[in-house]
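Welcome, and take a moment to turn the model around before reading on. We will walk through it together, one place at a time.

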Amino acid sequence: LGDTILAERKGDVIPKVMRVVESSSGEAPTIPEACPECKASLEFIGKHLICGNPLCPMKTQGDIKRWVYVMEIDAVGEKWIEVLIDNNLVESPEDLYSLTVEKLVPLERMGEILATKFVKNIQDTRHSTLDRFIAALNIPEFSMQRAQMLIEAGFDELSKMQRATVAALAAVTGFGEILAEKAIAGLKNRSERIKRLLVAGIEIQKPPPRTEQEGPLTGRTFCFTGSVRRENPETGKAYTRKQLQTIVEELGGKSLSGVKKKPPVSYTHLTL
């Protein structure tokens with residue numbers, strides 16, 4: 001605590017402490033044991049320190065942020081999510097779909113143009129593929145890529161996933177008993193939210209079958225991290241990661257949602 005350090009961006013993404021420039025008290029930081037919001041006990045899950053209380057008020061914000069991120073709802077950033085919660089306009093992801101221009105305009109720094117953009121961008125996500133819908137539910141370790149694994153294994157409808165047993169999911173390549181238990185528990189814990197989202201008008205569509213295509217990227221694997229600067233000439237906006245993943249797959253390559261430790265996958269830094 002209080003030290004001055006020299007850090008650099010390792011691999012152009014992750015900060016790495018290179019050395020201590022000037023020492024201070026020598027006191028090490030204390031890892032918190034209780035959630036600052038609800039005071040529940042904290043636990044490490046992987047590298048993340050997590051509040052285990054499913055009713056923690058801050059989980060509401062986390063669930064909405066996850067929904068907005070996965071659904072790629074443009075313009076609705078973290079600060080605006082906090083404003084929407086503070087003004088009692090949203091309590092859960094499904095509440096986003098009841099927002100109107102009239103409800104948003106009175107907010108500070110919110111004009112009619114921005115409010116109209118908010119509403120349009122949110123409404124544009126009413127039609128969702130199953131893998132995206134599952135990933136947006138913010139179930140721990142249940143990413144879009146893992147949802148795709150289940151879909152390819154025959155669990156291609158929401159009802160099939162909800163009725164699945166631990167043994168059935170554990171048998172899917174890429175899963176195991178622990179992940180299967182977490183997936184089933186997560187779907188069960190979010191069953192009421194799923195019902196509310198469907199009532200709010202979310203329509204879940206089957207993703208198109210993923211077929212291996214031959215192309216200039218055949219045999220190569222890509223993982224997109226960080227921000228994207230390259231603009232899509234059709235929209236004038238920066239490409240989304242999902243759009244870049246689609247381009248890779250159309251050219252015969254494979255796309256990963258996260259960096260893997262095991263070979264034979266190798267990574268190349270590209271500027272986009």
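Before we look at how two helices pack, it helps to know that axes are lines fitted to C-alpha atoms, for helices over the stretch in contact, and that angles run from 0 to 180 degrees between N-to-C directions. Keep in mind, too, that what you see is a predicted model.

With that in hand, find helix α1, residues 57-70, and helix α2, residues 78-86. These two helices pack at an angle of about 130°, and their axes are 10 Å apart. Angles under 35 degrees count as roughly parallel, over 145 as roughly antiparallel, and 65 to 115 as roughly perpendicular, with the rest oblique, so α1 is oblique to α2. The crossing of α1 past α2 is right-handed. On the α1 side, the contact is made by T60, Q61, I64, K65 and V68. On the α2 side, E78, I81, E82 and I85 take part.

Now step back to the whole chain. It holds 11 helices and eight strands. Along its principal axes, the C-alpha trace spans about 60 × 55 × 45 Å. The chain has 272 residues, and 32% of them count as buried. Another way to view the fold is through its contacts: among those between residues at least 6 apart in sequence, 53% join residues at least 24 apart.

For a small piece of strand pairing, go to β3 (residues 42-45) and β4 (residues 48-51). They run antiparallel and are joined by four bridges. Within this pairing, F44 has L49 of β4 as its bridge partner, while E43 stands opposite I50 in β4. The two strands form a hairpin with two residues between them. In the turn you will find G46, whose phi is positive, at about 65°.

Next, let us visit strand β5, residues 127-129, where S128 sits. Is S128 buried or exposed? Its relative accessibility is 0%, and buried means under 20%, so S128 counts as buried. Which residues does S128 contact, once neighbours within four places in sequence are left aside? They are M71, F133, E203, I204 and Q205. With F133 there is also a link from side chain to backbone: the side chain of S128 reaches the backbone nitrogen of F133 at 3.4 Å. You can also relate this spot to the helix pair described above, for K65 is one of the α1 residues in the contact with α2. S128 and K65 are 63 residues apart in sequence, and their C-alpha atoms are 17 Å apart in space.

Follow that link to F133, which lies in helix α5. F133 is buried because its relative accessible area is 0%. Not counting residues up to four places away in sequence, F133 touches W67, M71, S128, L158, I194, L197, I202 and I204. M71 and I204 thus appear in the contacts of S128 and in those of F133. One of the partners of F133, L158, is 25 residues away in sequence, with a C-alpha to C-alpha distance of 9.3 Å.

Helix α10, residues 191-199, is our next stop, and R193 lies in it. R193 has a relative accessibility of 14%, which means that it counts as buried. Leaving aside neighbours within four places in sequence, R193 is in contact with D63, S92, P93, E94 and L137.

We finish with two loop residues and their backbone angles. Most residues other than glycine have a negative phi. R109, however, has a positive phi near 65° and is not a glycine. Look for R109 in the loop between α3 (101-104) and α4 (112-123). R109 counts as exposed because its relative accessibility is 64%. N138 is likewise not a glycine, and its phi is positive, at about 65°. The loop that holds N138 runs between α5 (130-136) and α6 (144-152). Here the relative accessible area is 25%, so N138 is partly exposed.

Terms used
Residues are numbered from 1 along each chain as its sequence is written. This is a predicted model: local features need pLDDT of at least 70, side-chain atom pairs count only at pLDDT 80 or more; totals for chains, interfaces and linings use all residues. Side-chain values use heavy atoms; hydrogens and water are left out. Buried means under 20% relative accessible area, exposed over 50%, partly exposed in between (1.4 Å probe, protein chains only). Contact means heavy atoms within 4.5 Å. A polar contact is a pair of N or O atoms within 3.5 Å; within protein, one must be able to donate a hydrogen and the other to accept it, and residues adjacent in sequence count only if both atoms are side-chain atoms. Two strands pair if DSSP finds at least two bridges between them. A crossing is left-handed if the near helix is turned anticlockwise from the far one by less than a right angle, and right-handed if clockwise.
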